[in-house]
Amino acid sequence: MTASTGNPILPFLEQQGVVILDGGLATELEARGHDLRDDLWSARILMDAPEAIRQVHLDYLSAGADCIVTASYQASLSRFEQRGLSEDDAAALIRLSVRLAVEARDDFWSDPESRLGRLRPIVAASVGPYGAFLADGSEYTGRYDLVEESLVHFHRPRWQILSASDADLLACETIPSRGEARALRSLLREAPKAHAWFSFSCRDGQHLSDGSRLADTVRDIGEVEQVVAVGVNCTAPKFISNLIAEASAGCDKPIVVYPNSGEKYDAQRKQWLGTGTAVDFADASSEWVHLGADLIGGCCRTGPEHIRRMRKRLLGAGNERPAKMKRSGSHQTGDSPADRG
């Protein structure tokens, strides 16, 4: 990985105090007219319209994202091979997901105006859960038919591709179970030059989707030096404040949060119900940073406008940055980068 010599989020935390992530990719593609009613979800667009993915990445960067996440969440060798692709062609599509993001970042950064008041954005390669492969909504329940060893076996082929890619780090996201977190932790140790964040889907203010305590789960993985942040994603905004405290109780790593818009997903009909606003989301983000969030963005049903308003609220000229509550942990105590994980 390109960031093998150091933690890629530290420059942002040191100079800005917060890392602005992007918003939802798949739901933004849907908003632009792409039909994702498919087991491959956004990964299908890697085959059908890759330039559309690149454009969404560019739009998030223009909106203020410091980090964009690749379209590999639903991509797996097994799922592509079920569509008749060879193993080599399936691997090429996973690599394409990273290349699209890297090209978008490099194009954005080539414009001198894009550099004003900004650090060079980074790329996170998405590692979606086994439930995303099943395409049955089980990433929101954690009810799997595989034990931990089998989950390692499932994830390893894509993991090896992404950990060897030009992405700056891995985003292990929407993880619904403690067992899957441990499986991915094992794979991270197999790639000693890689860095990753771990973010979980949660059913309330304390528990992962499978019922495990978030504090216990982040304690499992926080001991690994390569883990640069822990937290939650694709979880209702109303739970985020409590979950920040829960994650902080588990370990002293930086906290990552990128909730969905607050709408509810109907896995049977494969559609979102309800509404969410960019204004409310930006206001809430200030509170989340105050409570201890360090990396912050949006997940499903959030778009570039959510990120634009969030960046303006958190880092805009003339806006007072929200003061973070004091918490134990090396990333907020002024230690040197060499002392950090």
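In the predicted model, H57 forms part of helix α4. With a relative accessibility of 1%, H57 falls under the 20% limit and therefore counts as buried. Apart from residues within four places of it in sequence, H57 is in contact with I68, V69, T70, L100, A101 and A104. T70 recurs among the contacts of S97, a residue of helix α6, which spans residues 87-110. Beyond residues up to four places away in sequence, S97 touches L46, T70, A71 and S72. The relative accessibility of S97 is 0%, so this serine is also classed as buried.

Helix α4, which covers residues 50-63, is also paired with helix α13, formed by residues 304-315. The axes of α4 and α13 come within 8 Å and cross at roughly 20°. Because this angle is under 35 degrees, the two helices are described as roughly parallel to each other. The crossing of α4 and α13 is right-handed. On the side of α4, the contact is made by D59, Y60 and A63, while α13 contributes P304, I307, R308 and R311. By residue type, this contact between α4 and α13 comprises four nonpolar and three charged residues, with no polar ones.

A further pair of helices is formed by α10, residues 214-222, and α11, residues 240-250. Their axes come within 7 Å and cross at roughly 40°. The arrangement of α10 and α11 is therefore oblique. As with the handedness reported for α4 and α13, the crossing of α10 and α11 is right-handed. The residues of α10 that make the contact are L214, A215, V218 and R219, and those of α11 are L243, E246, A247, A249 and G250. This contact of α10 with α11 divides into six nonpolar residues, one polar residue and two charged residues.

Attention now turns to residues in strands. V19 is located in strand β1, which consists of residues 19-20. The relative accessible area of V19 is 1%, and V19 is therefore buried. Although V19 and D66 are 47 residues apart along the chain, their C-alpha atoms are separated by 6.1 Å. D66 is one of the residues that V19 touches once those up to four places away in sequence are set aside; the others are I9, F12, L13, C67, D294, L295 and I296.

V227 belongs to strand β6. This valine has a relative accessible area of 1%, so V227 is likewise assigned to the buried class. Between V227 and L188, which lie 39 residues apart along the chain, the C-alpha separation is 8.5 Å. Leaving aside neighbours within four places in sequence, V227 is in contact with L188, A196, F198, I221 and K253.

Two residues are notable for their backbone angles. Most residues other than glycine have a negative phi. T174 is not a glycine, yet its phi is positive, at about 55°. T174 is found in strand β4, which runs over residues 169-175, and its relative accessibility of 2% is the reason why it counts as buried. C234, also a residue other than glycine, has a positive phi near 45°. C234 is placed in the loop between β6, residues 227-233, and α11. At 5% relative accessibility, C234 is therefore buried.

Taken as a whole, the protein chain contains 13 helices and 10 strands. Of its 341 residues, 60% count as buried. Among contacts between residues at least 6 apart in sequence, 77% join residues that are at least 24 apart. The contact of V19 with D66, two residues that are 47 positions apart along the chain, illustrates such a link.

The confidence of the prediction was also examined. The protein chain has an average pLDDT of 89, and 89% of the residues score at least 70. Over residues 328-341, however, the pLDDT is below 50. Beyond near neighbours in sequence, the stretch 328-341 has 25 contacts in the model. Where pLDDT is low, the predicted coordinates should not be read in detail.

Terms used
Residues are numbered from 1 along each chain as its sequence is written. This is a predicted model: local features need pLDDT of at least 70, side-chain atom pairs count only at pLDDT 80 or more; totals for chains, interfaces and linings use all residues. Side-chain values use heavy atoms; hydrogens and water are left out. Axes are lines fitted to C-alpha atoms, for helices over the stretch in contact, and angles run from 0 to 180 degrees between N-to-C directions. Helices (H or I, at least four residues) and strands (E, at least two) are DSSP runs, numbered from the N terminus. Angles under 35 degrees count as roughly parallel, over 145 as roughly antiparallel, 65 to 115 as roughly perpendicular and the rest as oblique. A crossing is left-handed if the near helix is turned anticlockwise from the far one by less than a right angle, and right-handed if clockwise. Contact means heavy atoms within 4.5 Å. Ala, Val, Leu, Ile, Met, Phe, Trp, Tyr, Cys and Pro count as nonpolar, Asp, Glu, Lys and Arg as charged, and the others, Gly among them, as polar. pLDDT is the predictor's confidence in each residue, from 0 to 100. Buried means under 20% relative accessible area, exposed over 50%, partly exposed in between (1.4 Å probe, protein chains only).
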